[in-house]
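Student: Please take a close look at the pockets here. What lines them, and how do they sit in the overall fold?

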Amino acid sequence: ALVFAITGLVWSFEWFGNGFYFLTSGGDIKTEHQHPHSDTLRAEQALPGKYAALDSAFYLALQNEPEPQRIYITPYPQDADDAIEVVFYQKKGKFYSHNEYFFDQYSLKPLRTPGDRYNEAGFAQKLEMANYDLHTGAIAGLPTKILAFFVSLICASLPITGFIYWWKRKRKQRNLSF
């Protein structure tokens, strides 16, 4: 229940997430995740066709990870300086273990940002990436999802069972006082 409470607070309140990151990183300040930007001066180098850059970026990223379990690709970039983002999730049904690849939408030059590779991330960054999977119980697959269900069921029943216990005790005390 404590894990659900902490991960829910990290998810809900930025101040709590920043404080938790500070504690788990040993005093580092959490930097906001930012995507790299494309060089708009290279717009004339763009590949012909609207989706040619997306396809090429996907195949370039696929060279680094030949067997991803799930893939996310940004839709066609909206702004002139948006980068193409390709995310490869390494474990089926889990969000925490993933690598992000960014490419300039005009030149397809690879772009990097801190924390874009799971294996290169520090403990606090990995814990932050695992927040959703911890909160939902998906971190270790079906067994932890079942465990999360029962823990949630018990936590939800505590106010009801607590009230019933209090009410029975109050009735018993009333009967003894007469």
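**The two pockets and their linings**

Tutor: Start with the second largest pocket. Its lining has 14 residues, and those nearest its centre are I6, V10, F20, L127 and N131. Four elements each give two or more residues to this lining: α1, α2, α4 and α5. Keep in mind that this is a predicted model. The space in the second largest pocket comes to about 170 Å³. By residue class, its lining holds eight nonpolar, four polar and two charged residues.

Now pick out one residue of that lining. I6 is part of helix α1. What does I6 touch, once residues up to four places away in sequence are set aside? The partners are F16 and F20. F20 is also among the residues nearest the centre of the second largest pocket. Is I6 buried, exposed or partly exposed? Its relative accessible area is 26%. Buried would need a value under 20%, and exposed a value over 50%, so I6 counts as partly exposed. For a sense of distance, take Y106. I6 and Y106 lie 100 residues apart in sequence, and their C-alpha atoms are 42 Å apart in space.

Next, the largest pocket. Its space amounts to about 910 Å³. A set of 27 residues lines this pocket, and K30, H33, Q125, E128 and M129 are the closest to its centre. Which elements supply at least two residues each to this lining? They are α1 (2–12), α2 (14–25), β3 (98–104), α4 (123–129) and α5 (131–136). The biggest share comes from α2, with five residues. The lining of the largest pocket splits into eleven nonpolar, ten polar and six charged residues.

K30 deserves its own look. It sits in the loop between α2 and α3 (52–62). Beyond its neighbours within four places in sequence, K30 contacts N18, Y21 and E128. With E128 there is also a side-chain polar contact, at 2.6 Å. Both K30 and E128 are among the residues closest to the centre of the largest pocket. How accessible is K30? Its relative accessibility is 30%. That is neither under 20% nor over 50%, so K30 counts as partly exposed. N99 gives another distance. K30 and N99 are 69 residues apart along the chain, with 19 Å between their C-alpha atoms.

Now place both pockets in the fold. The protein has six helices and four strands. Read from the N terminus, the order is α-α-α-β-β-β-β-α-α-α. In this numbering, the lining of the largest pocket draws on helices and on β3. The second largest pocket takes two or more residues from each of α1, α2, α4 and α5.

The overall shape comes last. The C-alpha trace spans about 95 × 35 × 30 Å along its principal axes. The radius of gyration is 24 Å, whereas a compact globule of 178 residues would have one near 16 Å. Of the 178 residues, 30% count as buried. Look also at the contacts between residues at least 6 apart in sequence. Of these, 49% join residues at least 24 apart. The contact between K30 and E128 fits into that view of the chain, as E128 is one of the residues K30 touches outside its own stretch of sequence.

Terms used
Residues numbered from 1 in each chain as written. Predicted model: local features only at pLDDT ≥ 70, side-chain atom pairs only at ≥ 80, totals over all residues. Heavy atoms only, no water. 1 Å grid on protein atoms, 1.4 Å probe; cavity = no way out; pocket = protein on both sides within 12 Å on 5 of 7 lines; lining within 4 Å. Points joined across faces, edges and corners; volume = space filled by probe spheres on them. Nonpolar A, V, L, I, M, F, W, Y, C, P; charged D, E, K, R; others polar. Buried < 20%, exposed > 50% of the residue type's maximum accessible area, 1.4 Å probe, protein only. Contact = heavy atoms within 4.5 Å. Polar contact = N/O pair within 3.5 Å; in protein donor to acceptor, adjacent residues only side chain to side chain. Rg over C-alpha atoms; globule rule 2.2 N^0.38 Å.
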